[in-house]
Amino acid sequence: MTDRIAVSLAVASAPAGDVLVLPCSSADWPGVKHPALDGDAAGRIAETAEHGRFSGSANATLSVLLDGGRLLVVVGMGAQATTRALREAVAAGMEAVGGGKAWAVLVPQVEGASASAALRAAVEGVALGAYSFKATLVEAPARAGACTFVSSAGDAAAVLERARSMCEGVLLTRDLVNSPAEIMGPEELAEATRAAAATGGWKANTWTGKEVEERGFGLIHGVGKASSRPSTFTVVDATGGKTPELALVGKGVVFDTGGLDIKTGGFMKIMRKDMGGAGTIVGALEALGRIGTDLPFVALIPTAENCIGPLAMRPGDVLKAYDGQTVEIGNTDAEGRLLLGDSLCYGRELGARRMLDVATLTGAARVALGPDVPALFGNDEELVSLMLETSAGHDEMLWRLPLVQEYQYMIDTPFADMNNSGTDRRGGAITAALFLERFAKDTPWAHVDLNAWEDRGRPGTPRGANGMTVRTVAETVLRLG
């Protein structure tokens with residue numbers, strides 16, 4: 001089990017270190033205070049405020065020298081102190097601390113949130129903000145040293161450990177999705193899945209190449225058959241011999257050229273992230289393995305590389321799914337839903353009582369909701385409601401879109417049971433979800449269509465893979481248990 005958090009984390013009743021970080025809202029400035037600060041600190045803050053332009057705006061910082069040589073870094077949370085604002089403010093404060101220095105976060109009260117929730121957000125700000133992708137760097141950037149959190153939460157130690165475990169899962173997802181395709185192929189992703197399963201002591205088995213085809217996963221085979229790297233299908237069994245209450249499914253297209261319906265260069269250049277759904281599930285497995293869960297579940301990770309070559313699937317080809325349904329290929333760039341289709345069939349065969357799939361599935365969802373808000377579909381009202389509640393509790397946005405049954409005609413075809421690409425460009429995220437629902441059949445099911453990538457970079461979330469929804473998926477499993 002590898003620890004990825006780059007900073008040592010601890011909780012204490014008094015601040016330790018050379019630098020103190022204190023988040024504050026603009027509404028509290030300059031009268032900001034914390035039980036760990038004495039009257040001298042308040043005076044120094046007020047004195048500094050008279051000569052500075054700091055007002056508590058989001059992620060702005062102000063350094064105040066205290067008696068004894070300690071440095072206090074005040075970080076703005078903007079007009080409204082929320083756990084989301086706190087998480088980013090703490091990450092911004094860490095950037096101001098400097099490399100190698102021991103420091104402390106004075107966790108403030110957040111209106112409408114418990115002390116435990118505020119502490120969790122602060123821990124996540126540090127753990128996620130210290131991340132950098134090291135696999136292809138000659139020298140990793142310097143980070144702040146050991147961090148102590150000063151909080152009034154009565155369960156502070158337990159909160160820190162659970163937050164640490166969640167963040168380890170998020171960082172694993174970031175590492176997987178950030179990895180260039182030449183080092184993250186189908187077998188490497190399968191190996192990462194097995195390693196995450198081992199964290200929880202769960203069994204995992206991988207079928208590779210010809211085994212995938214021979215076992216009847218015709219859609220997975222069809223997507224990957226043009227690649228020199230064989231497709232895989234990995235099954236994680238966390239049931240303990242019981243009927244699975246849940247099947248987790250993650251789309252693992254390690255690179256997507258679009259196939260013969262080739263993508264343009266601008267769309268293809270970050271297609272390493274097309275395994276972001278699988279990366280999300282694997283990260284959630286890592287978190288769950290560290291925290292522990294009693295819920296009997298399975299995780300299904302299909303992987304393939306969608307390449308161009310003599311064996312590539314063609315528009316008009318008809319593929320057979322694991323359950324015998326046939327799919328006409330209307331567009332070779334609508335490949336992710338094929339991997340999910342076979343996997344949902346297998347989840348049904350395993351007797352899963354409900355299923356949840358996560359995928360970087362459609363550009364249409366990004367057009368509708370932008371890059372930061374994953375689309376949520378489903379016919380399992382309990383699961384959908386739980387995910388919306390859980391995502392809000394973790395400050396991870398989800399937005400439910402409708403399964404418009406009237407659009408079924410868009411994926412009908414006279415040449416197969418269905419077409420993998422809608423006949424109308426409009427409503428593409430919905431028709432993709434309707435396609436998946438045909439493989440879920442009568443099993444209650446939900447589907448997340450996410451972006452998995454951060455384009456601009458912000459405190460706590462550098463450019464590249466962001467690990468969005470890992471905490472939501474893991475927490476949903478914990479709540480179901």
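**Strand pairing, salt bridges and nonpolar cores in the predicted model**

Strand E2 (residues 19-24) runs parallel to strand E5, and three bridges join the two; strands (E, at least two residues) and helices (H or I, at least four) are DSSP runs numbered from the N terminus, and two strands pair if DSSP finds at least two bridges between them. The structure is a predicted model, in which local features need pLDDT of at least 70 and side-chain atom pairs count only at pLDDT 80 or more, whereas totals for chains, interfaces and linings use all residues. Residues are numbered from 1 along each chain as its sequence is written, and side-chain values use heavy atoms, with hydrogens and water left out.

Within the E2 pairing, Leu-20 has Ala-104 of E5 as its bridge partner. E5 also pairs with strand E6 (residues 147-150), again in the parallel sense, over four bridges. There, Ala-104 is matched with Thr-148 of E6. The connection from E5 to E6 passes through helix H3 (residues 115-129) as a right-handed β-α-β crossover, meaning that, with the strands pointing away from the viewer, the path from the first strand over the helix to the second runs clockwise. In a regular strand the side chains alternate between the two faces of the sheet. In E5 (residues 103-106), Trp-103 and Val-105 point one way while Ala-104 and Leu-106 point the other way, and all are buried; buried denotes under 20% relative accessible area, exposed over 50%, and partly exposed the range in between (1.4 Å probe, protein chains only).

No disulfides were found in a search of the whole structure, the criterion being a pair of cysteine sulfur atoms within 2.5 Å. Cys-307 is buried at a relative accessible area of 16%, and Cys-345 is buried at 3%.

Salt bridges (a side-chain nitrogen of Lys or Arg within 4 Å of a carboxyl oxygen of Asp or Glu) number 33 in the whole structure. One of them joins Asp-67 to Arg-44, at 2.5 Å from N to O. This pair links distant parts of the chain, 23 residues apart, with Asp-67 in the loop between strand E3 (61-65) and strand E4 (71-76) and Arg-44 in helix H1 (residues 39-51). Asp-67 is partly exposed, with a relative accessible area of 47%, and Arg-44 is partly exposed at 26%.

Lys-210 and Glu-213 form another salt bridge, at 3.3 Å. Because these residues are three places apart in helix H6 (residues 210-214), about one helical turn separates them. Lys-210 is exposed at 54% relative accessibility, whereas Glu-213 is partly exposed at 33%.

The salt bridge between Lys-251 and Asp-274 has its closest N and O atoms 2.9 Å apart, and both residues are buried. In addition, Arg-87, Glu-124, Asp-395, Glu-396 and Arg-471 are joined into one network by salt bridges that share partners.

The largest nonpolar core comprises 47 residues, and those with the most contacts inside it are Phe-233, Leu-338, Phe-377, Phe-435 and Phe-439; such a core is a set of buried Ala, Val, Leu, Ile, Met, Phe, Trp, Tyr and Cys residues joined through side-chain atoms within 4.5 Å. Helix H13 (428-440) is among the elements that each supply at least two residues, and H13 gives the most, with nine. With residues up to four places away in sequence not counted, Phe-377 contacts (heavy atoms within 4.5 Å) residues including Val-384, Leu-401, Pro-402 and His-447. Apart from this core lies another of 45 residues, among them Leu-176, Val-236, Leu-246 and Ala-446.
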